[in-house]
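Me: I have just opened this entry and would like to be walked through it. Could we start with how the terms are used?

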Amino acid sequence: MTGMIFDIQRFSIQDGPGIRTTVFLKGCPLHCLWCHNPESGDCRPELFYEEKKCAGCLRCEAVCPKSLHRFEKGDHFFQREGCLRCMRCAGVCPTKALERCGEEKETGEILSVVLKDEIFYRQSNGGMTLSGGEPLLQYDFSTSLLAEAKAMGLHTAVETSGYCTRNLEEINRYVDLWLYDIKLTDREQHLRYTGVFPEIIWENLRFLNRIGAHIVMRCPIIPDVNLTEEHFRGVALLARELSHLQAVQFEPYHPLGVRKNFRLGKKPPYTAENFLNPEEIVPFVEKVRDRIPAKVEVL
Amino acid sequence: MPNLQILKDLIFESDNKACFIERERILPCLEKKYAEDNSSEKYAKIFADLLDSVSTPVLDCDFFAGRVVEEEPDPGMSAPCGVLYSIGHMSYDYETLLKKGISGILRDMENRAEELATESARRFVYAARLIAESIKRYAERYAATAAEKGLSEMARALSVVPYRPAYDFYSALQSVWLIHMIASCYVGSRDYAFGRFDRYMFPYYEQALREGKTEEELIRILAGFLIKTNEICGRATHNYKHKPIPSNSSKQYLTIGGDRPNAFSSVVLRAAELSDMAQPTVTVLLKPEADLAFTDQVFHTFSRLSDKMNVYNYEVTHRALLAKGLPEEVASDFTFSGCCALDLHYHTIRNEQYVPSPVLFLTTLHEKEYRSVEEILRAFRENLRVCMQEFADRVMGPDCPERERAYFFDSLFLSDTAKNCQHAAAGRAPYYLINFFHIGAATIGDSFAALDRLVFQEKRFSYAAFMKILDKNYEGNEALRTEIFNMVRFGNDDESVDRYTVLSAEAFAGAVDDLILKPNFFAIPSIYTLERDNTMAEIIGATPDGRHAGDPVSENQSPVYGADRKGITALLRSLARYPFERMPAGGLNLSFSKKHSPEMLKAIVLSYFEMGGLHAGISFIDRETLQDAMENPEKYKSLTVRLYGFSEYFINLPLWQQIAVLNRTAYE
């Protein structure tokens, strides 16, 4: 079976226990304003372009069927409108100024990369994590990939927004750990900042808990969006419902998505340029720590 | 008990301009005094006179006696005086020193000389006695000073050691220190190493526990000893702020672990944590399954000390030495002294050559028009062999300049030469080691990869045209350079590319195999640059990997800076492809942008070793801290970074080297 992925990142140490390889699946039903992987939203392959890497070799100009690459006095002008996403230009670019983002891959092809670091997983109790995008958007592919990984003895984790209309019971058979994003706890705000209402997400969370799944709640904390006492109280309330919760992890905002938006030719919708200092989160965490029946961490 | 902070402060306040002033004032006079003396014991007479003349200062804060008086050189003084000199870079047989004392070593020599009944043996022993007696008098003078100051334990120890055997933990350390200091500061050279420290100190540690000392007490005493090793060169750096002393910028090395780590091995690590100074570098020979608790302690300490220690895969080096034909008792005895260079513990002196591999590679390329990588590799191997054979012949042959030098003091503490009344450099010891270091391994490997693709496979350039591009230093071909830089290069776990670096390393190892050596000489090839990746670079023309003439080549076993883009696991898989079983020394420096837990470091290093990896030195590089240190050096006196094969104070480095450290690939 094939699926659309946009990256395989080795030595991931923030996406579950130990040393892991994270497979990033392309396509996401949410449109979070601060998304740090903006290339993950669209289900189709996209084209990255980074002007400063261009060596001016003119090869893209020669292969573009729509003549969208032009060079004037050594400057490279790329007009995205009308682009067929044929990726011919990315294929000939020697400096990776133009780069394809997103490829159909067989599960076996992906696992052959993942298995390269098998020794590291064994030494660190690590494994494979699916992230995205939203891995559950490619439910059958994700299930197949996870099942094959489990059959090979790998520890598996899925990082998800939880927005999925399929029954999660089947996929859960092959998931050792859910890294379950809780972005906002206010219904209206959830719609405003992510583009969807949260009911499906919360129901899936409760369902996974009922069937005994191992869950870590992951809560991105975004300045001016959810760095509020109400949100932290909301997270604590949700956490108290979950008998199989292993931990709640608060992740401070980082601006790495801003540059990627520019490489995609998009204007970033959220442009805060500074990393949120984890220490700014701590006072909020301390107020709810006692109300959360699991380990609480600020990453 | 030592006040550790006072001892540390003294090091940080030390002056890099100061020299061991008494030595420099006395030696020129002795040189004149003995100008007409052509006897074989001239060296010993000068040594004895020097030791009898210098002061024996003891400070109130000293816990071990033995320090040299340092002041700025007098006008016109050209320190250090070369009358007493050695090449250093060796590990003495401290085990025998502690067990028998100098008197016991001398007695064995006298018996042997009687057996040999030769004039040279008789003269050797006569000179050795002059030296031994002078050390005895020197220690006794220290004992008297200590007694005057009311330091009774120190006074008692020095009335016994190093002349007679050590009798407890403290006296053993005192004995080692006095000889180590004389070797480094009086006889003179850098990088005398402490060898397999946990092995020879273990009996004294056990005895101390039996006598009721607590482990915490012993750790504190040992930390005092470790801090004292920093006195040898103060805060001087390898290639910038020299001290005008014989042991200029001498790094200190101490090796533990191996096949059978003991209870004291972990104690050394805990003392090193307490000391937390740039010296000594603690080298762990790790055999993970030998002692699981010790392995855990290693990574606990590693996560705290980072650049101040390093870990070798014991099994890889052990197997490589056996494959070289060394007997088990010698092969298992190895240690590392002087950065990442292999040493046969106790046995004899060693030599080393930093082979100018990139220069020889470019020479090879320009010799003719080749038709394949294989053809170039064969010619490269032959050019390497010729270069190394020339060096080996010099070391083995009658004209070896090192033999002209004395080494006499060294000969007393190297077991194989001492017991046969031989000079260490006379070439008659059973095991001599020559380390041959391969420089710019990844630069050469990436060059082979680029040549193969552009010239032999894609045929975009004729061989001659590509050589012209190199001769013109890529002038007018910047787009090509950029393209080459963006090719997959060594360090990204791509076997089809890594193989070029591996093949060129194998050519180096093969050239060493081809050397014609005397039966008691053993040549060890390794991948190691020291600072030659920068300093030698000035004479290296443009290389086919897109590097401009004069730019640095790859450091140690690392990829070219910035070439590894797939993360640390990919890097380590690439590195594990090196033929370490044939190249069992040298080093790898890994930089992380933030601290890792002991468990994570353990997983990374043990995975690497399981794949056949050899060595790991680790730095935690926080760019912001380093940048701030460059702007506000006074705030960062104790900040250290790992450089080549040792730890250096960052603020003492020259600007180009600070920038090089900043530019290392740092893994998140």
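Reply: Certainly. A helix axis here is a line fitted to C-alpha atoms over the stretch in contact, and angles run from 0 to 180 degrees between N-to-C directions. Please also keep in mind that this is a predicted model.

Me: Good. At what angle do α15 and α19 of chain B cross?

Reply: Helix α15(B), residues 373-396, and helix α19(B), residues 441-457, cross at roughly 145 degrees, and their axes come within 10 Å.

Me: Which residues make that contact?

Reply: From α15(B) there are B:V373, B:I376, B:L377 and B:F380. Helix α19(B) contributes B:I444, B:F448, B:L451, B:D452 and B:F456.

Me: And what is the make-up of that contact by class?

Reply: Eight of the residues are nonpolar, one is charged and none is polar.

Me: Let us step back. What does chain B contain in terms of secondary structure?

Reply: Chain B has 27 helices and 17 strands.

Me: How does its radius of gyration relate to that of a compact globule?

Reply: The value for chain B is 25 Å, which agrees with the figure near 26 Å for a compact globule of 668 residues. Along the principal axes, the C-alpha trace spans about 80 × 55 × 55 Å.

Me: What share of chain B is buried, and how much area does it expose?

Reply: Of its 668 residues, 64% count as buried. Chain B exposes about 23,300 Å², and carbon and sulfur atoms supply 50% of that area.

Me: How many of the contacts join residues at least 24 apart?

Reply: The share is 77%, taken among contacts in chain B between residues at least 6 apart in sequence.

Me: Now the sheets. What is the strand order in the open sheet of chain B?

Reply: The order is β10-β11-β12 in chain B, three strands with parallel pairing. Strands β10 (350-355) and β12 (521-527) are the edges, each pairing on one side only. From one strand to the next, the twist averages 20 degrees.

Me: How many bridges link β11 and β12 there?

Reply: Seven bridges link β11(B), residues 432-438, to β12(B) in the parallel sense. As one example, B:F436 has B:P525 as its bridge partner in β12(B).

Me: What holds paired strands together in general?

Reply: Strands of a sheet pair through backbone hydrogen bonds, either parallel or antiparallel.

Me: Over to chain A. Is β12 parallel or antiparallel to β11?

Reply: They run parallel, with seven bridges joining β11(A), residues 215-221, to β12(A). In β12(A), A:L245 is the bridge partner of A:I215. Strand β12(A), residues 245-252, is mostly covered, as six of its eight residues are buried.

Me: Back to chain B. Why does B:D198 count as buried?

Reply: Its relative accessibility is 1%, and buried means under 20%. B:D198 is found in helix α8(B), residues 197-210.

Me: What does B:D198 touch beyond its sequence neighbours?

Reply: Setting aside residues up to four places away, B:D198 touches B:T255, B:I256, B:G257, B:N262, B:F264 and B:S265. Between B:D198 and B:S266 there are 8.9 Å in space, C-alpha to C-alpha, and 68 residues in sequence.

Me: One last residue: is B:V268 buried or exposed?

Reply: B:V268 counts as buried because its relative accessibility is 0%. The residue lies in helix α10(B), residues 263-275. Beyond neighbours within four places in sequence, B:V268 is in contact with B:F197, B:L222, B:L226, B:L254 and B:I256.

Definitions and conventions:
Residues are numbered from 1 along each chain as its sequence is written. Chains are lettered from A and ligands numbered from 1 in the order in which they are written. This is a predicted model: local features need pLDDT of at least 70, side-chain atom pairs count only at pLDDT 80 or more; totals for chains, interfaces and linings use all residues. Side-chain values use heavy atoms; hydrogens and water are left out. Two strands pair if DSSP finds at least two bridges between them. Helices (H or I, at least four residues) and strands (E, at least two) are DSSP runs, numbered from the N terminus. Contact means heavy atoms within 4.5 Å. Ala, Val, Leu, Ile, Met, Phe, Trp, Tyr, Cys and Pro count as nonpolar, Asp, Glu, Lys and Arg as charged, and the others, Gly among them, as polar. The radius of gyration is taken over C-alpha atoms; the globule rule is 2.2 Å times the number of residues to the power 0.38. Buried means under 20% relative accessible area, exposed over 50%, partly exposed in between (1.4 Å probe, protein chains only). Accessible areas come from the Shrake-Rupley method with a 1.4 Å probe; for residues, only the protein chains shown count as cover.
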